[in-house]
2 protein chains.
Amino acid sequence: MEPTPVLWTFKASPFAGKARAAFLEKGVPVELAEIHPVERPKRFLGLTAPGRVPVLEPGGGAPPIRESSIICEWLEETHPEPALWPADPAVRGWARGQARFVDDLLTANFFLGMRKQAFGRSPSDPEDVVDRLHRQLAKHWPALEAALGAHEGPWLCGGQFTFADLSALPLAVRLPEWAPHLVPDADAFPRVTTWFAALRDRPSAAAIDQAGKRVSA
Amino acid sequence: MEPTPVLWTFKASPFAGKARAAFLEKGVPVELAEIHPVERPKRFLGLTAPGRVPVLEPGGGAPPIRESSIICEWLEETHPEPALWPADPAVRGWARGQARFVDDLLTANFFLGMRKQAFGRSPSDPEDVVDRLHRQLAKHWPALEAALGAHEGPWLCGGQFTFADLSALPLAVRLPEWAPHLVPDADAFPRVTTWFAALRDRPSAAAIDQAGKRVSA
């Protein structure tokens, strides 16, 4: 029998949420090990250098795999069905670029801003750091709208749901819940609006609220 | 005949340098289109949202592919030989995590620090921003030394040279040239020292100094 992999996770982390949703989309069983982000367990810190969730222990003595996109690549390679990347390498490359754009320029800015709003800014941050981070979202909506226009939809690559769509799931769920004033205008960004709604309708959206079994040592 | 892909590049960019080196390692012909990082040509800006090098146009009407690691994945999928990822998916996942660690925590901090030293800091940067960025290097040498101890060497995954090694090529070349005081101590970090020297000995190290044909409009 295949060993059940362990995914180290933190409920509020968007990248951990994306990895949890990827397991649901693939229908692959996984055990969730929940950490506290400030008091991280020693066993977790020993796994990877930066010590950030998500980290996957595939099981069977295999080395730990860090970073949500890389965990998605492992899932695709070990559980090819349903395929969550386009079959054509060039379209796949384009889609991976879109996923990275969402991760680095939308998700990271939004959730880092929310974290600084909730827990305070660092001493070296400018006073308006939250606004600065959140202004990045507004700046990038036009590019996202354009990317969604490259295919017929409903997904970024057309009819096939891919990891590029999955990347935006944490944002689609949390943006209206946590910061309705930052939700893009439906008239100006109709494709983004429809896409976010379709993402929230995926059964895997439940993963964004999923917590694992707390590990404390 | 296969179309010759076009790689948009900037000589001093470490991530463009990594992509150039990947083409050399694969023995795949590529046309280099050189941009000026401040006066970026319109045609280049129209290709991808963030407008950062490297960007690959695979040719034959295929969509553009952004980000150095994603360009490496495209190369591996379209030109499997020589294989630059380990065959085992779990080891490959571990290796991708190491590549990302080098990109995000070593290369990005070092080169961003050098850029701010050369061209000045942003108004929102703390006064000691260059030192802050460069202190990150010293902080992460122990983790890199440990990662290099996971296999016999000479490379991160053992006998096989992979994209995880390639990620560190720009750093291995530029660190002693541009900032000898930041080179890790050979007694404290013998594996890092030997690895950096082996990287500088690869024929693909020449790619770090490679400039393309300047495109200005």
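**Helix packing and internal spaces in a two-chain model**

I will begin with helix α3 of chain A and helix α4 of chain B, whose crossing is right-handed. Please keep in mind throughout that what we are looking at is a predicted model. In this pair, residues 68-78 of chain A form α3 and residues 89-119 of chain B form α4, and the two helices pack at an angle of about 160 degrees with their axes 10 Å apart. Because angles over 145 degrees count as roughly antiparallel, that makes α3(A) roughly antiparallel to α4(B).

On the chain A side of this contact you will find I70(A), E73(A), W74(A), E77(A) and T78(A), and these meet P89(B), A90(B), R92(B), G93(B), R96(B), G97(B) and R100(B) on the chain B side. Sorted by class, the residues of this contact are four nonpolar, three polar and five charged.

Now let me turn to the pair formed by α4(A) and α3(B). Here too the helices pack at an angle of about 160 degrees, and their axes are 10 Å apart, so α4(A) and α3(B) are roughly antiparallel to each other. The crossing of α4(A) and α3(B) is right-handed. From α4(A) the contact takes P89(A), A90(A), R92(A), G93(A), R96(A), G97(A) and R100(A), while α3(B) contributes I70(B), E73(B), W74(B), E77(B) and T78(B). By class, the contact of α4(A) with α3(B) holds four nonpolar, three polar and five charged residues.

What, then, of the loops that join α3 to α4? In chain A, P82(A) sits in the loop between α3 and α4, and a cis peptide bond with omega of about -10 degrees joins E81(A) to P82(A). In chain B, P82(B) is found in the loop between α3 and α4, and E81(B) and P82(B) are likewise joined by a cis peptide bond, with omega of about -10 degrees. One further backbone detail concerns E67(A), which lies in the loop between β4, residues 65-66, and α3 of chain A; the phi of E67(A) is near 85 degrees, a positive value in a residue other than glycine.

I would like to move next to the enclosed spaces. The count comes to three cavities of 30 Å³ or more, and the largest cavity has a volume of about 330 Å³. Which residues are the closest to the centre of the largest cavity? Of the 23 residues that line the largest cavity, they are S69(A), R100(A), S69(B), I70(B) and R100(B). The elements giving two or more residues to this lining are α3, α4 and α6 (163-167) of chain A, together with α3, α4 and α6 (163-167) of chain B. Several names therefore return from the helix pairs: R100(B) and I70(B), for instance, are among those closest to the centre of the largest cavity, while R100(B) belongs to the contact of α3(A) with α4(B) and I70(B) to that of α4(A) with α3(B). By class, the lining of the largest cavity has 10 nonpolar, four polar and nine charged residues.

The second largest cavity holds about 40 Å³ of space. Its lining consists of K11(B), A12(B), S13(B), P14(B), G17(B), R20(B), F111(B), P170(B), R174(B), W178(B) and I208(B), and α1 (14-26) and α7 (169-178) of chain B each supply at least two of these residues. The lining of the second largest cavity divides into six nonpolar, two polar and three charged residues.

This brings me to α7(B) as a packing partner. The axes of α4(B) and α7(B) come within 11 Å and cross at roughly 35 degrees, in a left-handed crossing. L106(B), T107(B), F110(B), F111(B) and M114(B) of α4(B) meet P170(B), L171(B), R174(B), L175(B) and W178(B) of α7(B), and this contact is made up of eight nonpolar residues, one polar and one charged. F111(B), P170(B), R174(B) and W178(B), which take part in this contact, are also listed in the lining of the second largest cavity.

Finally, there is the second largest pocket, with about 230 Å³ of space. Of the 17 residues that line the second largest pocket, the closest to its centre are Q98(A), A143(A), L47(B), T48(B) and A49(B). Two or more lining residues come from each of α4 and α5 (129-148) of chain A and from β4 (65-66) of chain B, and the largest share, four residues, is that of α4(A). By class, the lining of the second largest pocket has 12 nonpolar, four polar and one charged.

Notes
Residues numbered from 1 in each chain as written. Chains lettered and ligands numbered in written order. Predicted model: local features only at pLDDT ≥ 70, side-chain atom pairs only at ≥ 80, totals over all residues. Heavy atoms only, no water. Axes fitted to C-alpha atoms, helices over the stretch in contact; angles between N-to-C directions. Parallel < 35°, antiparallel > 145°, perpendicular 65-115°, else oblique. Left-handed = near helix turned anticlockwise from the far one by under 90°. Contact = heavy atoms within 4.5 Å. Nonpolar A, V, L, I, M, F, W, Y, C, P; charged D, E, K, R; others polar. 1 Å grid on protein atoms, 1.4 Å probe; cavity = no way out; pocket = protein on both sides within 12 Å on 5 of 7 lines; lining within 4 Å. Points joined across faces, edges and corners; volume = space filled by probe spheres on them.
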